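Please open the model in your viewer and keep the selection tool at hand. We will go from stop to stop, and at each one you will hear what to select and what is there.

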Amino acid sequence: MDVVRGDTQVLRAVSWEVGPGERWAVLGPNGSGKTTLLQVASGYLFPTRGTVTVLGHQLGHVDVRRLRERIGVVSAAVAKMLAPSVTARDVVMSARYAALEPWWHSYTDDDRRRAEQLLAGAGFAAVIDRPFGVLSEGERQQVLLARTLMADPALLLLDEPAAGLDLAGRERLVSRLAALAGDRSSPPMVLVTHHVEEIPAHFSHLLLLRRGRVVAAGPIDAALTAAHLSACFDMALQVEARDGRWACRAGLVSS
């Protein structure tokens, strides 16, 4: 699969499959095509060449409006579209109808309880009645994640959800994602990030991209090596795992 924008080939001969129950991290330098890949996977961008099948449906042969209803996306673009005056509860609850505000649909007490439970389950019951616009970046990301889960997606896509968070906010979010990844009832997950430290525990696979090409893809223990990471970022790097989390620093290359 290729994606070309203007004179730039953003993705080149990418072949990638996410299986049931898999949790993928997508890692690579700026401009490597990570966000473009997620746009294709979410049905908002079609490939220039090749075929893409999402949830059993080939893009170009399916009503993508219906397909998108089955895909949960957490991204900064969604946050920018939300009205700052809407409460956290209503931001989450409005996902029931894929809406940005709650005014145009009717919601049940069960819908409200579900939204509150999703926030409380992440440890954020205190923000339920607060306007989205006054929340911290960390709180907003947790609300966006709860909003995505409200719709019971068949596929969960996360585009740099920890970007801009402080250390505590990042760790709370990573812990929440680890809990979701460890839950067998959770849908397949794809997380785009710049940092191996943001890969949650229980993530099973890794895709490394550089200049639109796949450097490595497969089970995370085999794909996330110093050699692969160094080739991806064109720098000698060391990587280590501890208690299900990963860390990276500059150093001598070792396999």
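Contact here means heavy atoms within 4.5 Å. Helices (H or I, at least four residues) and strands (E, at least two) are DSSP runs, numbered from the N terminus. You are looking at a predicted model, in which local features need pLDDT of at least 70 and side-chain atom pairs count only at pLDDT 80 or more, while totals for chains, interfaces and linings use all residues. Residues are numbered from 1 along each chain as its sequence is written, and side-chain values use heavy atoms, leaving out hydrogens and water.

**Stop one: helix 5**

Select residues 109–121, which make up helix 5. At 1.5 Å a residue, with the expected span being 1.5 Å times one less than the number of residues, these 13 residues should span 18 Å, and the end C-alpha atoms are indeed 18 Å apart. Now colour Asp111, Ala115, Leu118 and Leu119, which are buried (under 20% relative accessible area; exposed is over 50%, partly exposed in between, with a 1.4 Å probe and protein chains only). Look down the axis: the buried residues of helix 5 fall within an arc of 95 degrees, so they line one face. That arc is taken from the directions from the helix axis to the C-beta atoms. What do the buried residues of helix 5 pack against? Their partners are helix 4 (88–93), helix 6 and helix 7. On the other side of helix 5, Asp109, Asp110, Gln117 and Gly121 are exposed. Just after the helix comes Gly123, with a positive phi near 85 degrees.

**Stop two: the sheet**

Next, show the six strands that form an open sheet of mixed pairing, in the order 6-7-8-3-9-10. Two strands pair if DSSP finds at least two bridges between them. Strand 6 (71–74) and strand 10 (213–219) are at the edges with a single partner strand each, so one side of each has no neighbour in the sheet. From one strand to the next, the twist averages 15 degrees. Zoom in on strand 7 (residues 155–159) and strand 8 (residues 189–193), a parallel pair with four bridges; here Leu156 stands opposite Met189.

Add helix 7 (residues 167–181), which lies across strand 3 (23–27), strand 7 and strand 8, at about 155 degrees to strand 8. Such angles run from 0 to 180 degrees between N-to-C directions, with axes fitted to C-alpha atoms, for helices over the stretch in contact.

**Stop three: the cores**

A nonpolar core is a set of buried Ala, Val, Leu, Ile, Met, Phe, Trp, Tyr and Cys residues joined through side-chain atoms within 4.5 Å. The largest has 51 residues, and Val143, Leu145, Ile199 and Leu206 touch the most other members. Helix 6 (residues 137–150) gives the most to this core, with six residues. Select Leu145: beyond four places in sequence, its contacts include Val74, Leu156 and Leu173.

**Stop four: Ala201 and a hairpin**

Where is Ala201 placed? Find it in the loop between strand 8 and strand 9. Ala201 is buried, with a relative accessible area of 16%. Among the residues that Ala201 touches are Gly244 and Arg245.

Finish with strand 11 (residues 237–242) and strand 12 (residues 245–250), an antiparallel pair over six bridges. Gln238 stands opposite Arg249 in strand 12. Two residues lie between the strands of this hairpin, where Asp243 takes a positive phi near 55 degrees.
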